[in-house]
Amino acid sequence: MAQKDRPRRCPICGRAASLEAKPFCSPRCAQVDLGRWLTGAYAIPATEEEPGSAEDDEEAR
Ligand SMILES: [Zn+2]
């Protein structure tokens, strides 16, 4: 826990991060990273745990 504000590198372009857009070098790279994140999130199927009891309901009525 002795880590202070060390000069980080932008994970997008590898430049030194700026204070206004930590840990990125600029708001732009932050946007890029966010975009990747969202893209990945969207790629995850969210209907995996959907309870398929709609049909069961009709039969077990
Ligand atoms: Zn950058």
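Mentor: Two residues are in contact if their C-beta atoms, placed from the backbone, lie within 7 Å. In this predicted model, Cys 10 illustrates the idea: leaving out residues up to four places away in sequence, Cys 10 touches Arg 15, Ala 17, Phe 24, Cys 25 and Cys 29.

Trainee: Where is Cys 10 found with respect to helix 1?

Mentor: Cys 10 belongs to the segment before helix 1, and that helix runs over 27-43. As for the chain as a whole, it holds 2 helices and 0 strands.

Trainee: How should burial be read, and is Cys 10 buried or exposed?

Mentor: One counts the other C-beta atoms within 10 Å: 20 or more make a residue buried, and 12 or fewer make it exposed. Cys 10 has 21 such neighbours and is therefore buried. Ala 17, also placed in the segment before helix 1, has 20 and is buried because that count meets the cut-off.

Trainee: Is Cys 13 buried or exposed?

Mentor: Cys 13 is exposed, because only 12 or fewer neighbours are required for that class and Cys 13 has 12 other C-beta atoms within 10 Å. Cys 13 likewise lies in the segment before helix 1. Apart from neighbours within four places in sequence, its contacts are Cys 25 and Cys 29.

Trainee: Which residues does UniProt list for "binding site"?

Mentor: The UniProt record, an unreviewed entry, lists Cys 10, Cys 13, Cys 25 and Cys 29 under that heading. These four span 20 residues in sequence, yet no two of their C-alpha atoms are more than 8.0 Å apart, so they gather at one spot.

Trainee: Which residues form the largest nonpolar core?

Mentor: That core has 6 residues: Cys 10, Ala 17, Phe 24, Cys 25, Cys 29 and Ala 30. Phe 24 offers a useful view of the surroundings: with neighbours within four places in sequence set aside, Phe 24 contacts Cys 10, Ile 12, Ala 17, Cys 29, Ala 30 and Asp 33. Two other members, Ala 17 and Cys 29, stand 12 residues apart in sequence and 9.8 Å apart in space, taken from C-alpha to C-alpha.

Trainee: What share of the chain is buried, and what share of the contacts between residues at least 6 apart in sequence join residues at least 24 apart?

Mentor: Buried residues account for 10% of the 61 residues in the chain. Of the contacts between residues at least 6 apart in sequence, 0% join residues at least 24 apart.

Technical notes
Residues numbered from 1 in each chain as written. Predicted model: local features only at pLDDT ≥ 70, side-chain atom pairs only at ≥ 80, totals over all residues. Core = buried A, V, L, I, M, F, W, Y, C linked by C-beta atoms within 7 Å. Helix = DSSP H or I, 4+ residues; strand = E, 2+ residues; numbered from the N terminus. UniProt positions renumbered as here; feature names shortened; annotations may be inferred.
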